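How do the two domains of this protein chain meet? This report looks at the interface.

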Amino acid sequence: MLNVQDLDVFYGEFQAIDNVALKIEKGQTVIVVGPNGAGKSTLLRTIAGLLPPRRGTISFEGQRIDRMEAYHVVENGISLVPEGGRVFPHLSVLDNLKVGSYNKAARAKAQQWMKRIFELFPVLSNRKTQRAGSLSGGERQMLAIARSLMSQPRLIMLDEPSLGLAPLVVDMVFEFVLTMKQEGYTVLLVEQNANKALKVADYAYLIESGKLVFEGRSEDFDKNPYIKTAYLGI
Ligand SMILES: Nc1ncnc2c1ncn2[C@@H]1O[C@H](COP(=O)(O)OP(=O)(O)OP(=O)(O)O)[C@@H](O)[C@H]1O
Ligand SMILES: [Mg+2]
């Protein structure tokens, strides 16, 4: 479904992504782990069309997207929930969700879709008119995820959705990733919390200093001695 090849991404002279390749099959949950500054967010932002790659190709459902504008990438079925679960703080929960469905394809089915979103996120349905800025951290993350689902993506990319949340809320986020998997979504998840992420993932990539250092099925990740000590604390 997604095929990234030979990817190089620079910020000025600084190379943040160095020859990265990544593949996702339809319906898979794939995680990217790695330390701070490894280039994880850069990778997601590049796939989302927010950064231009200097080299390499990104294809989605057989179509090249590496030169597409970000809004066009969204229309083509990819949605990114950025780090920190950004929402529009002065808008209500409902209006935040409406913003998520502004693209043409999504707008047609927005009403019907909104109902489904509120079934998936009962906590939001009780807070439709509340200002997003007054939601708790966990609720805000849920809203950020829900808003990105409003564009009716086929691939959803989540950038550290559990960061800064209380343990119970972190569990909710991972529960939700599992729900999305059951709903048939394809998920690309960036996580520092490698232990939990590996439990919900089919396949995993490890990035360090912009380079791919290991990839494999989640079970194989658990077995790698370096990953065990460096990332899993076992
Ligand atoms: N706008 C920018 N301009 C210049 N350098 C940047 C910019 N954004 C990120 N970088 C650098 O690129 C590298 C990768 O950053 P990135 O945000 O992708 O890392 P990350 O793996 O997501 O880290 P974290 O786990 O801390 O979120 C870092 O060294 C960072 O300082
Ligand atoms: Mg990041």
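The side chains of E183 and R116 form a salt bridge, with 2.5 Å from N to O. The term covers a side-chain nitrogen of Lys or Arg within 4 Å of a carboxyl oxygen of Asp or Glu. The count between domain 1 and domain 2 is one salt bridge.

This is a predicted model, where local features need pLDDT of at least 70, side-chain atom pairs count only at pLDDT 80 or more, and totals for chains, interfaces and linings use all residues. Residues are numbered from 1 along each chain as its sequence is written, and side-chain values use heavy atoms, without hydrogens and water.

The bounds come from an automatic or database domain assignment. Domain 1 spans 1-77 + 155-234, and domain 2 spans 82-152. Contact here means heavy atoms within 4.5 Å. Buried area is the accessible area (1.4 Å probe) that two parts lose on being put together, summed over both.

| Domain 1 to domain 2 | Value |
|---|---|
| Separation of centres, over C-alpha atoms | 23 Å |
| Residues in contact | 18 residues of domain 1, 17 residues of domain 2 |
| Buried area | about 1500 Å² |

Of the buried area, 67% lies on carbon and sulfur atoms.

Which elements of domain 1 touch domain 2? Those giving two or more residues are helix 2 (70-75), strand 7 (155-159) and helix 8 (167-182). Helices (H or I, at least four residues) and strands (E, at least two) are DSSP runs, numbered from the N terminus. Helix 8 gives the most to this side, with six residues.

Key: Chains are lettered from A and ligands numbered from 1 in the order in which they are written.
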